[in-house]
Amino acid sequence: MSGIKPEPGWYKDAIIYEVHVKSFLDSNRDGWGDFPGLTAKLDYLQKLGITTLWLLPFTDSPLKDDGYDIRDYYKVYPSYGTMEEFQVFLSEAHKRGLRVITELVMNHTSNTHPWFVSASSSRSSPFRDYYVWSDTPDRYKGTRIIFSDTEKSNWTWEPKTRQYYWHRFFHSQPDLNFDNPKVQDELLTVVKFWFSLGVDGLRCDAVPYLFEREGTNCENLPETHTFIKRLRAEIDREFPDRMLLAEANQWPQDVLPYFGEGDGDEFHMAYHFPLMPRLFIAIAQGDRKPITDILQQTPAIPANCQWAIFLRNHDELTLEMVTDQERDYLWTTYAEDPRMRLNLGIRRRLAPLMGNDRRKIDLMHSLLLTLPGTPILYYGDEIGMGDNVHLGDRNGVRTPMQWSFDRNGGFSTADPSDLYAPPIQNPVYGYQVVNVETQIRYPTSPLNVLRQMIEVRQSSHVFGRGAMTVLHPKNRHVFACLREMGDEVVMVINNLSDRTESVLLDLSRFRGYTPVELFSQTPFPVLERAHFHFTVSPYGYFWLALRPPAFSVRRRKRTGR
Ligand code: BGC
């Protein structure tokens, strides 16, 4: 029996948890996480309060890009389990009311995909035109290289058929040719296959790069929008209530068209990439300006659409959507060791980025859970896991989940040498100290505080759906805003600095209202004057419901915080 009811706009009230099947729990002692393992941990996720899981790629692949190089769109990678085990996982998630988002990698396949194997074996292959070929590497010169640390060109020579093929990522990931209607149809078939199985949403990878046109930067082309509109129309017809999330690492005004502008007829959701690094600048500088600036530059989106916001994910903390100056600042502040840098980004997890300062980690979660959009948490960050710069590429932030202080952090009972990657083992972040079992046992652990924040957020639609008004007190160390929906008003105050700050807020609109602290339900003094003075501890935060005079303030038993 499914606990999922059709619910228009469900993604607006979601809390998404990003997880790698490989990294969560190994049920068969082969050293790799798998679907039965993930299924066994659904109760943990349900208790955390998340509503939706986003799974990293899990279909068959040579894993040159951790599964984003797909060899077979229809087969589960054997170490992760079988299709039946995926289906059991999906139905167990649904039983608990948890939705599931999987990956749709459309832009490219692996070079071991049978389409490319055939296409690269002969110019007359029926699949030749599934990919983008050229006699010279000089076409589309205006296109940037994304994996700049490893790739020198977006073209790679294919010796057998003596032409170059186009790729925006690793050369082992040839780009599909979306000008070929057969490619479009193939991908629509993939989409329908996964939606027919019952997945609730697809995270559409690398969307801006589907088409190529001379004289452009080959990003965000009109042809891409035409295709996405077609995809959306077919989904709406056959699979209402499903969600499409765009990965478009672009400025907000360039992401806007991916929502379909006025019509809302493309993606339901898109990541807000530029917000993320600015949260890290703001907390490092103790200044709200980077946040208020980017919010100001963020256009309104259609009513049925939603931003997806995040602090960290499986990739490097990308610094593409910042100025050169901001990037230098972030690199010097957060990646003093050159091994922490990758491409245009920083390959570290949240806790180490915050110097393992609990106050800063909690404050970042306070921002994530109260800014407009749907928050995405990255597995392991709920317990403050660390990273490992010695592992190549982005693998240092994809290490095994730390469940307990047992062997391999409780992730697997295999021999440690058989694990897909070593768990974190150091005195600060090692599984002996940072693990779920320990954190469940005391109420102020990172896990329990985050769980409580999630519970409060989920007690109202105001955070996922409400309007936001930024307040502009003189004290720039404080970022404060109002979230409002109907009669409900929540004021959030975040102190970005390492000192106690006092802040005077203009609350003339709310004279006579009572602020009620949402974690403890403690009423503050009634707002009697136009301006109200708050004192906030270093990196402290308040979430305050502003209750009108008639509202009876019910004082609940104090909770852990
Ligand atoms: C994913 C990366 C991946 C790339 C190529 C990105 O957007 O997040 O992990 O390497 O797409 O598929």
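Visitor: Which polar side-chain atom of Asp-315 should I look at, and how far is it from an oxygen atom of the ligand?

Guide: This is a predicted model, so treat the distance as a computed one. A polar side-chain atom of Asp-315 sits 2.5 Å from an oxygen atom of the ligand.

Visitor: And what distances do His-108 and Arg-394 show to an oxygen atom of the ligand?

Guide: His-108 places a polar side-chain atom 2.9 Å from a ligand oxygen. For Arg-394, the distance from a polar side-chain atom to an oxygen atom of the ligand is 2.9 Å.

Visitor: How many residues surround the ligand, and which are the closest?

Guide: Count 13 around the ligand. The closest are Asp-65, Asp-205, Glu-247, His-314 and, back again, Asp-315.

Visitor: Let's move to the helices. What describes two packed helices?

Guide: You give the angle between their axes and the distance between those axes. Try H6 (residues 181-197) and H7 (residues 222-238): the angle is about 35°, and the axes are 11 Å apart.

Visitor: Is the crossing of H6 and H7 left-handed or right-handed?

Guide: Right-handed. On the H6 side, look for Gln-184, Asp-185, Leu-188, Val-191, Lys-192 and Phe-195. They meet Phe-227, Arg-230, Leu-231, Glu-234, Ile-235 and Glu-238 of H7. Sorted by class, that contact has 6 nonpolar, 1 polar and 5 charged residues.

Visitor: H6 also meets H4, I see. At what angle do the axes of H4 and H6 cross?

Guide: Roughly 55°, with the axes of H4 (residues 83-95) and H6 coming within 11 Å. That angle makes H4 oblique to H6. H4 brings Met-83, Phe-86, Gln-87 and Leu-90 to the contact, while H6 offers Phe-193, Trp-194 and Leu-197. Here the tally for H4 with H6 is 6 nonpolar, 1 polar and no charged residues.

Visitor: One last pair: how do H9 and H13 pack?

Guide: H9 (residues 275-285) and H13 (residues 358-370) pack at about 135°, their axes 11 Å apart. So H9 is oblique to H13, and their crossing is right-handed.

Visitor: Which residues make the contact of H9 with H13, and what classes do they fall into?

Guide: From H9 you have Leu-279, Phe-280 and Ile-283; from H13, Lys-360, Leu-363, Met-364 and Leu-367. By class, the contact of H9 with H13 comes to 6 nonpolar, no polar and 1 charged residues.

Notes: Residues numbered from 1 in each chain as written. Predicted model: local features only at pLDDT ≥ 70, side-chain atom pairs only at ≥ 80, totals over all residues. Heavy atoms only, no water. Axes fitted to C-alpha atoms, helices over the stretch in contact; angles between N-to-C directions. Helix = DSSP H or I, 4+ residues; strand = E, 2+ residues; numbered from the N terminus. Parallel < 35°, antiparallel > 145°, perpendicular 65-115°, else oblique. Left-handed = near helix turned anticlockwise from the far one by under 90°. Contact = heavy atoms within 4.5 Å. Nonpolar A, V, L, I, M, F, W, Y, C, P; charged D, E, K, R; others polar. Near = heavy atom within 4 Å. Polar contact = N/O pair within 3.5 Å; in protein donor to acceptor, adjacent residues only side chain to side chain.
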